[in-house]
Amino acid sequence: MTSIPRSADLVRVSASDDGRIVHVELARPQKRNALSDELIMQLHQVMLGLGDAARAVVLSGQGEHFCAGLDLSELKEQDAAAGVFHSRRWHAAFEEIQFGRVPVISALHGAVVGGGLELAAATHIRVAAEDSFFALPEGQRGLFLGGGGSVRISRLIGFSRVTDMMLTGRVLSAQEAAAIGLVHYATAEGAALERAFELARAVAANAPLSNFAVMHALPRITQQSQSEGLFTESLMSAVAQSAPDAKARLKAFLAGRAGKVVKP
Ligand code: 1HE
(Lines give C-alpha, C1' and ligand atoms only; values in the text may rest on other atoms or scores of the structure.)
Protein backbone atom coordinates (compact mmCIF):
# COMPACT_ATOMS: atom_id res chain seq x y z
CA MET A 1 0.00 0.00 0.00
CA THR A 2 1.28 3.53 -0.73
CA SER A 3 2.06 5.88 2.13
CA ILE A 4 -0.11 8.72 0.77
CA PRO A 5 -3.28 8.02 -1.24
CA ARG A 6 -3.61 9.69 -4.62
CA SER A 7 -5.86 12.65 -5.32
CA ALA A 8 -8.50 12.41 -8.01
CA ASP A 9 -10.06 15.35 -9.85
CA LEU A 10 -13.20 15.50 -7.67
CA VAL A 11 -11.58 14.42 -4.40
CA ARG A 12 -8.33 16.07 -3.27
CA VAL A 13 -6.07 14.24 -0.88
CA SER A 14 -3.13 15.55 1.13
CA ALA A 15 -1.28 14.22 4.15
CA SER A 16 0.42 15.78 7.15
CA ASP A 17 2.14 14.60 10.34
CA ASP A 18 4.26 12.06 8.40
CA GLY A 19 1.20 10.67 6.65
CA ARG A 20 -0.67 10.07 9.92
CA ILE A 21 -3.40 12.63 9.17
CA VAL A 22 -4.99 12.44 5.73
CA HIS A 23 -7.09 15.36 4.52
CA VAL A 24 -9.79 14.33 2.04
CA GLU A 25 -11.62 17.22 0.37
CA LEU A 26 -14.70 17.10 -1.81
CA ALA A 27 -13.41 19.19 -4.71
CA ARG A 28 -16.41 20.11 -6.83
CA PRO A 29 -17.21 23.55 -5.40
CA GLN A 30 -18.76 24.90 -8.61
CA LYS A 31 -21.55 22.31 -8.10
CA ARG A 32 -21.54 22.72 -4.30
CA ASN A 33 -19.81 19.33 -4.02
CA ALA A 34 -22.95 17.58 -5.28
CA LEU A 35 -22.35 13.84 -5.16
CA SER A 36 -22.15 12.57 -8.73
CA ASP A 37 -21.51 8.88 -9.50
CA GLU A 38 -17.91 9.77 -10.34
CA LEU A 39 -17.37 11.66 -7.06
CA ILE A 40 -18.78 8.75 -5.02
CA MET A 41 -16.49 6.34 -6.88
CA GLN A 42 -13.43 8.53 -6.30
CA LEU A 43 -14.28 8.96 -2.61
CA HIS A 44 -14.64 5.19 -2.26
CA GLN A 45 -11.27 4.59 -3.96
CA VAL A 46 -9.54 7.19 -1.78
CA MET A 47 -10.90 5.59 1.39
CA LEU A 48 -9.82 2.14 0.22
CA GLY A 49 -6.35 3.42 -0.58
CA LEU A 50 -5.46 5.17 2.67
CA GLY A 51 -1.77 4.61 3.33
CA ASP A 52 -0.41 2.35 6.07
CA ALA A 53 0.77 5.40 8.01
CA ALA A 54 -2.75 6.89 8.21
CA ARG A 55 -4.20 7.15 11.72
CA ALA A 56 -7.07 9.60 11.13
CA VAL A 57 -8.87 11.30 8.24
CA VAL A 58 -10.27 14.82 8.10
CA LEU A 59 -13.10 15.15 5.56
CA SER A 60 -14.20 18.59 4.33
CA GLY A 61 -15.68 20.31 1.29
CA GLN A 62 -14.09 23.00 -0.87
CA GLY A 63 -15.95 26.25 -1.55
CA GLU A 64 -18.98 27.72 0.20
CA HIS A 65 -20.63 24.46 1.28
CA PHE A 66 -19.73 21.04 2.61
CA CYS A 67 -22.07 19.19 0.26
CA ALA A 68 -25.36 19.76 -1.61
CA GLY A 69 -26.24 16.05 -1.60
CA LEU A 70 -27.09 13.89 -4.57
CA ASP A 71 -26.21 15.33 -7.99
CA LEU A 72 -29.80 15.83 -9.12
CA SER A 73 -28.76 16.28 -12.76
CA GLU A 74 -27.84 12.57 -12.95
CA LEU A 75 -31.26 11.33 -11.87
CA LYS A 76 -33.28 12.19 -14.95
CA GLU A 77 -33.96 8.82 -16.57
CA GLN A 78 -33.06 6.34 -13.83
CA ASP A 79 -35.36 3.30 -13.50
CA ALA A 80 -35.96 1.32 -10.28
CA ALA A 81 -33.22 -1.23 -10.84
CA ALA A 82 -30.65 1.47 -11.61
CA GLY A 83 -31.83 3.30 -8.49
CA VAL A 84 -31.17 0.30 -6.27
CA PHE A 85 -27.64 -0.19 -7.65
CA HIS A 86 -26.96 3.54 -7.37
CA SER A 87 -27.94 3.46 -3.69
CA ARG A 88 -25.83 0.34 -3.10
CA ARG A 89 -22.75 2.10 -4.53
CA TRP A 90 -23.27 4.91 -2.01
CA HIS A 91 -23.69 2.33 0.74
CA ALA A 92 -20.40 0.69 -0.20
CA ALA A 93 -18.52 4.01 -0.25
CA PHE A 94 -19.99 5.25 3.04
CA GLU A 95 -19.50 1.84 4.67
CA GLU A 96 -15.79 2.21 3.86
CA ILE A 97 -15.86 5.49 5.77
CA GLN A 98 -17.71 4.17 8.83
CA PHE A 99 -16.10 0.74 8.93
CA GLY A 100 -12.75 1.46 7.32
CA ARG A 101 -9.32 1.40 8.91
CA VAL A 102 -9.16 4.76 10.70
CA PRO A 103 -11.58 7.27 12.25
CA VAL A 104 -12.91 10.06 10.04
CA ILE A 105 -13.57 13.55 11.41
CA SER A 106 -15.79 15.74 9.24
CA ALA A 107 -15.44 19.54 9.18
CA LEU A 108 -18.82 20.92 8.14
CA HIS A 109 -19.75 24.35 6.83
CA GLY A 110 -22.52 25.81 4.68
CA ALA A 111 -25.02 23.30 3.30
CA VAL A 112 -24.87 19.80 4.76
CA VAL A 113 -27.98 18.55 3.04
CA GLY A 114 -29.55 15.37 1.70
CA GLY A 115 -26.79 12.96 0.73
CA GLY A 116 -24.30 15.42 2.21
CA LEU A 117 -25.81 14.82 5.63
CA GLU A 118 -25.84 11.08 4.94
CA LEU A 119 -22.12 11.32 4.18
CA ALA A 120 -21.43 13.32 7.35
CA ALA A 121 -23.41 10.74 9.35
CA ALA A 122 -21.02 8.02 8.21
CA THR A 123 -18.07 9.89 9.78
CA HIS A 124 -17.11 9.29 13.38
CA ILE A 125 -16.84 12.85 14.68
CA ARG A 126 -18.69 15.85 13.21
CA VAL A 127 -17.50 19.44 13.71
CA ALA A 128 -19.90 22.13 12.49
CA ALA A 129 -19.02 25.77 11.80
CA GLU A 130 -21.52 28.44 12.80
CA ASP A 131 -22.63 28.94 9.16
CA SER A 132 -23.51 25.29 8.55
CA PHE A 133 -27.09 24.17 8.05
CA PHE A 134 -28.63 20.73 7.94
CA ALA A 135 -31.63 19.47 5.99
CA LEU A 136 -33.13 16.46 4.26
CA PRO A 137 -34.93 17.93 1.22
CA GLU A 138 -35.56 14.50 -0.32
CA GLY A 139 -39.31 14.85 0.24
CA GLN A 140 -39.38 18.11 -1.73
CA ARG A 141 -37.47 16.47 -4.60
CA GLY A 142 -39.67 13.35 -4.78
CA LEU A 143 -36.90 11.15 -3.40
CA PHE A 144 -36.07 9.16 -0.32
CA LEU A 145 -32.83 8.68 1.58
CA GLY A 146 -30.49 6.38 -0.34
CA GLY A 147 -27.05 6.85 1.20
CA GLY A 148 -27.66 5.09 4.50
CA GLY A 149 -29.31 8.07 6.20
CA SER A 150 -32.46 6.27 7.24
CA VAL A 151 -30.24 3.97 9.28
CA ARG A 152 -27.38 6.24 10.37
CA ILE A 153 -29.14 9.59 10.87
CA SER A 154 -32.06 7.86 12.61
CA ARG A 155 -29.61 6.18 14.97
CA LEU A 156 -27.96 9.52 15.72
CA ILE A 157 -31.04 11.65 16.40
CA GLY A 158 -33.97 9.20 16.40
CA PHE A 159 -36.37 8.47 13.56
CA SER A 160 -38.91 10.91 14.95
CA ARG A 161 -36.62 13.89 14.23
CA VAL A 162 -35.72 12.48 10.81
CA THR A 163 -39.45 12.19 10.10
CA ASP A 164 -39.93 15.87 10.99
CA MET A 165 -36.96 16.98 8.85
CA MET A 166 -38.15 14.95 5.85
CA LEU A 167 -41.85 15.75 6.06
CA THR A 168 -41.55 19.46 6.79
CA GLY A 169 -38.23 20.36 5.14
CA ARG A 170 -37.02 21.72 8.49
CA VAL A 171 -33.53 23.24 8.32
CA LEU A 172 -31.38 22.97 11.45
CA SER A 173 -28.68 25.45 12.44
CA ALA A 174 -25.28 24.35 13.75
CA GLN A 175 -26.41 25.12 17.30
CA GLU A 176 -29.59 23.08 16.89
CA ALA A 177 -27.62 20.21 15.35
CA ALA A 178 -25.23 20.23 18.31
CA ALA A 179 -28.11 20.36 20.81
CA ILE A 180 -29.68 17.16 19.44
CA GLY A 181 -26.39 15.32 18.99
CA LEU A 182 -26.33 15.43 15.20
CA VAL A 183 -22.86 17.01 15.46
CA HIS A 184 -20.36 16.74 18.30
CA TYR A 185 -18.78 20.22 18.17
CA ALA A 186 -19.96 23.66 17.05
CA THR A 187 -17.28 26.24 16.21
CA ALA A 188 -17.13 29.81 14.99
CA GLU A 189 -17.50 30.37 11.24
CA GLY A 190 -14.28 29.39 9.46
CA ALA A 191 -12.92 27.45 12.44
CA ALA A 192 -14.30 23.93 11.83
CA LEU A 193 -11.37 22.67 9.76
CA GLU A 194 -8.74 23.72 12.29
CA ARG A 195 -10.74 22.13 15.11
CA ALA A 196 -11.16 18.95 13.07
CA PHE A 197 -7.37 18.75 12.61
CA GLU A 198 -6.81 19.23 16.37
CA LEU A 199 -9.25 16.41 17.06
CA ALA A 200 -7.66 14.24 14.37
CA ARG A 201 -4.27 14.64 16.05
CA ALA A 202 -5.79 13.54 19.38
CA VAL A 203 -7.44 10.56 17.69
CA ALA A 204 -4.20 9.66 15.88
CA ALA A 205 -2.33 9.58 19.20
CA ASN A 206 -4.52 6.73 20.54
CA ALA A 207 -3.60 3.08 20.23
CA PRO A 208 -4.77 1.99 16.74
CA LEU A 209 -6.48 -1.11 18.11
CA SER A 210 -8.47 0.95 20.63
CA ASN A 211 -9.63 3.21 17.79
CA PHE A 212 -10.51 0.11 15.80
CA ALA A 213 -12.60 -1.17 18.72
CA VAL A 214 -14.46 2.13 18.97
CA MET A 215 -15.17 2.17 15.22
CA HIS A 216 -16.03 -1.50 14.74
CA ALA A 217 -17.20 -2.91 18.06
CA LEU A 218 -19.15 -0.02 19.56
CA PRO A 219 -21.78 0.44 16.80
CA ARG A 220 -22.29 -3.32 16.60
CA ILE A 221 -22.57 -3.73 20.37
CA THR A 222 -25.32 -1.11 20.48
CA GLN A 223 -27.34 -3.31 18.11
CA GLN A 224 -26.86 -6.46 20.18
CA SER A 225 -28.84 -7.71 23.16
CA GLN A 226 -27.34 -6.88 26.57
CA SER A 227 -26.01 -10.41 26.95
CA GLU A 228 -24.38 -10.49 23.50
CA GLY A 229 -23.13 -6.93 23.86
CA LEU A 230 -21.40 -7.63 27.15
CA PHE A 231 -19.81 -10.75 25.69
CA THR A 232 -18.56 -8.87 22.60
CA GLU A 233 -17.22 -6.14 24.88
CA SER A 234 -15.21 -8.66 26.91
CA LEU A 235 -13.67 -10.15 23.79
CA MET A 236 -12.82 -6.78 22.24
CA SER A 237 -11.41 -5.53 25.52
CA ALA A 238 -9.11 -8.54 25.84
CA VAL A 239 -7.90 -8.16 22.25
CA ALA A 240 -7.19 -4.43 22.70
CA GLN A 241 -5.27 -5.00 25.96
CA SER A 242 -3.11 -7.69 24.43
CA ALA A 243 -1.56 -5.39 21.79
CA PRO A 244 2.14 -4.62 22.47
CA ASP A 245 1.30 -0.94 22.08
CA ALA A 246 -1.24 -1.20 24.93
CA LYS A 247 1.31 -2.87 27.20
CA ALA A 248 3.85 -0.10 26.49
CA ARG A 249 1.24 2.58 27.23
CA LEU A 250 0.34 1.00 30.58
CA LYS A 251 3.99 0.72 31.55
CA ALA A 252 4.54 4.37 30.67
CA PHE A 253 1.61 5.44 32.82
CA LEU A 254 2.68 3.33 35.78
CA ALA A 255 6.21 4.77 35.49
CA GLY A 256 4.77 8.30 35.60
CA ARG A 257 5.74 8.96 31.97
CA ALA A 258 2.22 9.37 30.48
CA GLY A 259 -0.15 12.32 30.59
CA LYS A 260 -2.87 12.40 33.24
CA VAL A 261 -6.52 13.13 32.62
CA VAL A 262 -6.82 16.89 33.15
CA LYS A 263 -9.91 18.70 34.40
CA PRO A 264 -11.17 21.06 31.66
C1 1HE B 1 -26.43 21.12 -7.93
C2 1HE B 1 -26.89 20.65 -6.69
C3 1HE B 1 -27.33 19.30 -6.62
C4 1HE B 1 -26.32 22.69 -6.42
N5 1HE B 1 -27.28 18.56 -7.77
N6 1HE B 1 -26.41 20.36 -9.01
N7 1HE B 1 -29.96 18.23 -2.76
C8 1HE B 1 -30.70 19.36 -2.72
O9 1HE B 1 -31.88 19.33 -2.89
C10 1HE B 1 -29.95 20.64 -2.50
C11 1HE B 1 -29.98 21.46 -3.78
N12 1HE B 1 -29.08 22.58 -3.73
C13 1HE B 1 -29.34 23.72 -3.03
O14 1HE B 1 -30.32 23.82 -2.30
C15 1HE B 1 -28.39 24.85 -3.18
O16 1HE B 1 -27.65 24.66 -4.37
C17 1HE B 1 -27.37 25.00 -2.02
C18 1HE B 1 -28.11 25.51 -0.77
C19 1HE B 1 -26.66 23.68 -1.71
C20 1HE B 1 -26.28 26.03 -2.41
O21 1HE B 1 -26.87 27.25 -2.85
P22 1HE B 1 -25.99 28.29 -3.68
O23 1HE B 1 -26.85 29.50 -3.91
O24 1HE B 1 -24.67 28.50 -3.01
O25 1HE B 1 -25.63 27.57 -5.07
P26 1HE B 1 -26.56 27.37 -6.36
O27 1HE B 1 -26.55 28.61 -7.19
O28 1HE B 1 -27.90 26.86 -5.97
O29 1HE B 1 -25.84 26.18 -7.13
C30 1HE B 1 -24.59 26.38 -7.80
C31 1HE B 1 -24.50 25.34 -8.89
O32 1HE B 1 -24.48 24.04 -8.28
C33 1HE B 1 -25.71 25.35 -9.83
O34 1HE B 1 -25.25 24.89 -11.08
P35 1HE B 1 -24.96 25.96 -12.29
O36 1HE B 1 -24.49 25.10 -13.41
O37 1HE B 1 -26.28 26.65 -12.53
O38 1HE B 1 -23.91 26.90 -11.74
C39 1HE B 1 -26.60 24.29 -9.21
O40 1HE B 1 -27.48 23.72 -10.17
C41 1HE B 1 -25.57 23.25 -8.77
N42 1HE B 1 -26.09 22.39 -7.73
N43 1HE B 1 -26.81 21.65 -5.78
C44 1HE B 1 -26.83 19.09 -8.91
N45 1HE B 1 -27.75 18.74 -5.50
C46 1HE B 1 -28.69 8.93 -2.23
S47 1HE B 1 -30.09 9.77 -1.98
C48 1HE B 1 -29.68 11.37 -1.54
C49 1HE B 1 -30.79 12.27 -1.94
C50 1HE B 1 -30.43 13.70 -1.86
O51 1HE B 1 -29.31 14.07 -1.61
S52 1HE B 1 -31.73 14.76 -2.14
C53 1HE B 1 -31.07 16.35 -1.83
C54 1HE B 1 -30.46 16.94 -3.05
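In the predicted model, a polar side-chain atom of Arg32 lies 2.9 Å from an oxygen atom of the ligand. Two backbone contacts accompany this side-chain contact. At Leu70, a backbone N or O atom is placed 2.8 Å from a nitrogen atom of the ligand. At Gly115, a polar backbone atom is found 2.7 Å from an oxygen atom of the ligand. The ligand taken alone exposes 1,000 Å², of which the protein buries 66%.

The shell around the ligand draws two or more residues from each of three elements: strand E5 (111-113), helix H3 (115-122) and helix H4 (138-141). In total, 23 residues surround the ligand, and those that come nearest are Lys31, Ala68, Leu70, Gly115 and Arg141. Leu70 and Gly115 thus appear both in this nearest group and in the backbone contacts described above. By residue class, the shell consists of 10 nonpolar, 7 polar and 6 charged residues.

Strand E5, which contributes to the ligand shell, also belongs to an open sheet of 3 strands. The strand order in this sheet is E5-E7-E8, and the pairing is mixed. E5 and strand E8 (172-173) form its edges, each pairing on one side only. E5 and strand E7 (residues 133-135) run parallel and are joined by 3 bridges. Within this pair, Val113 is positioned opposite Ala135 of E7. Helix H3, another contributor to the shell, lies across E5 and E7 and runs at about 85° to E5.

A further open sheet is made up of 6 strands, arranged in the order E1-E2-E3-E4-E6-E9. Its pairing is likewise mixed. The edges are occupied by strand E1 (11-16) and strand E9 (185-187); each has a single partner strand, so one side of each is left without a neighbour in the sheet. From one strand to the next, the twist averages 20°. At the E9 edge, strand E6 (residues 125-129) is joined to E9 by 3 bridges, and the two strands run parallel. In this pairing, Ala129 stands opposite Thr187 of E9.

Note on methods: Residues numbered from 1 in each chain as written. Predicted model: local features only at pLDDT ≥ 70, side-chain atom pairs only at ≥ 80, totals over all residues. Heavy atoms only, no water. Near = heavy atom within 4 Å. Polar contact = N/O pair within 3.5 Å; in protein donor to acceptor, adjacent residues only side chain to side chain. Areas by Shrake-Rupley, 256 points an atom, 1.4 Å probe, with all protein chains shown as cover. Helix = DSSP H or I, 4+ residues; strand = E, 2+ residues; numbered from the N terminus. Nonpolar A, V, L, I, M, F, W, Y, C, P; charged D, E, K, R; others polar. Pairing = 2+ DSSP bridges. Contact = heavy atoms within 4.5 Å. Axes fitted to C-alpha atoms, helices over the stretch in contact; angles between N-to-C directions.
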